[in-house]
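Colleague: I've got a new model open on my screen and I'd like to learn how to read it. Could you walk me through it?

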Amino acid sequence: MSTGSLGQGLSVAHGMALGLRLDGKAARVYALLGDGEAEEGMVWEAAMSAAHYKSDNLCAVLDRNKIQQDGFVANIMNLEPLSDKWRAFGWHVIDIDGHDIAQVARALEAAETVRGRPTIIIAQTVKGGGVSLFANNPKYHGVPPSDAELAAALKELEQR
């Protein structure tokens, strides 16, 4: 499901995971989060709750691209040390290169084996990676490229 305000997704996912457990179903729930979203208090309330209830059928994947709508995450609300915070909240943490599909697949497989606590996969990525104009540029988080910028990006991608 998609949610409205940032931060609600993990709470909803945890509720789904608890519901599945109550129904005796072995299904898993996956939640996708952005690192800017992790500034929201509701995310940390859900993190505490999921760890408290040992929701091992819950896996969150956090896109750690370090950019949000208003700029770089570290300038808005620094999250470091992010992995250590999730560990302190009782989660199993897997840090990966989010651009490496093999690492993503292995992390998802590993998450299925964790018992007694939820798992978060922190995927280090580069927003706009692969196109020099867009890479690590907060401008393009919420603004579409101009026709000229799009043409330049497509040309760069064709040369790869």
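Modeller: Let's go through the sheet, then the backbone oddities, then the salt bridges and a surface patch. Keep in mind that this is a predicted model.

Colleague: Let's start with the sheet. In what order do the four strands lie, and how do they pair?

Modeller: The general idea is that strands of a sheet pair through backbone hydrogen bonds, either parallel or antiparallel. Here the four strands make an open sheet with the order 1-2-6-5, and the pairing is parallel. Strand 1 and strand 5 (92–97) sit at the edges with a single partner strand each, so one side of each has no neighbour in the sheet. From one strand to the next, the twist averages 20°.

Colleague: Which strand pairs with strand 1, and over how many bridges?

Modeller: That's strand 2 (residues 58–64), running parallel to strand 1 over six bridges. To find your place, look for Val29, which stands opposite Leu58 in strand 2. Add helix 2 (residues 41–52) to these two strands and you have a β-α-β unit, a right-handed one.

Colleague: And the side chains of strand 1? Which ones are on the covered face, and which on the uncovered face?

Modeller: In a regular strand, side chains alternate between the two faces of the sheet. In strand 1 (residues 29–34), Val29, Ala31 and Leu33 make up the covered face. Tyr30, Leu32 and Gly34 belong to the uncovered one.

Colleague: On to the backbone. What kind of peptide bond joins Glu80 and Pro81?

Modeller: As background, most residues other than glycine have a negative phi, and most peptide bonds are trans. The bond between Glu80 and Pro81 is cis, with omega at about 0°. You'll find Pro81 in the loop between helix 3 (73–77) and helix 4 (82–88).

Colleague: What about phi, then? Where are Lys66 and Asn136?

Modeller: Lys66 has a positive phi of about 70° though it isn't a glycine, and its place is in the loop between strand 2 and strand 3 (67–68). Asn136 also has a positive phi, near 55°; it lies in the loop between strand 6 (119–124) and helix 6 (147–158). Lys66 is partly exposed at 38% relative accessibility, and Asn136 is partly exposed at 40%.

Colleague: Now the charged residues. How many salt bridges does the structure hold?

Modeller: Five. To call one, look for a side-chain nitrogen of Lys or Arg within 4 Å of a carboxyl oxygen of Asp or Glu. Glu80 and Arg64 qualify, since their closest N and O atoms are 2.4 Å apart. Glu80 is in the loop between helix 3 and helix 4 while Arg64 is in strand 2, so the pair ties together parts 16 residues apart in sequence.

Colleague: Is Arg64 buried or exposed?

Modeller: Arg64 is buried, at 4% relative accessibility, whereas Glu80 is partly exposed at 44%.

Colleague: Which residues does Arg87 meet in salt bridges?

Modeller: One is Asp84, at 3.2 Å from N to O. Arg87 and Asp84 both lie in helix 4, three residues apart, which is about one turn of the helix. Arg87 also meets Asp95, at 3.6 Å. Shared partners also join Asp35, Arg64 and Glu80 into one network of salt bridges.

Colleague: Last one: which residues make the nonpolar surface patch?

Modeller: Leu150, Leu154 and Leu157 make it, and the patch covers about 250 Å². Leu150 lies in helix 6 and is partly exposed, at 40% relative accessibility.

Technical notes:
Residues are numbered from 1 along each chain as its sequence is written. This is a predicted model: local features need pLDDT of at least 70, side-chain atom pairs count only at pLDDT 80 or more; totals for chains, interfaces and linings use all residues. Side-chain values use heavy atoms; hydrogens and water are left out. Buried means under 20% relative accessible area, exposed over 50%, partly exposed in between (1.4 Å probe, protein chains only). Two strands pair if DSSP finds at least two bridges between them. A crossover is right-handed if, with the strands pointing away from the viewer, the path from the first strand over the helix to the second runs clockwise. Patches are made of residues with over 30% relative accessible area and no salt bridge: like charges are joined within 9 Å, nonpolar side chains (Val, Leu, Ile, Met, Phe, Trp, Tyr) within 5 Å. Accessible areas come from the Shrake-Rupley method with a 1.4 Å probe; for residues, only the protein chains shown count as cover. Axes are lines fitted to C-alpha atoms, for helices over the stretch in contact, and angles run from 0 to 180 degrees between N-to-C directions.
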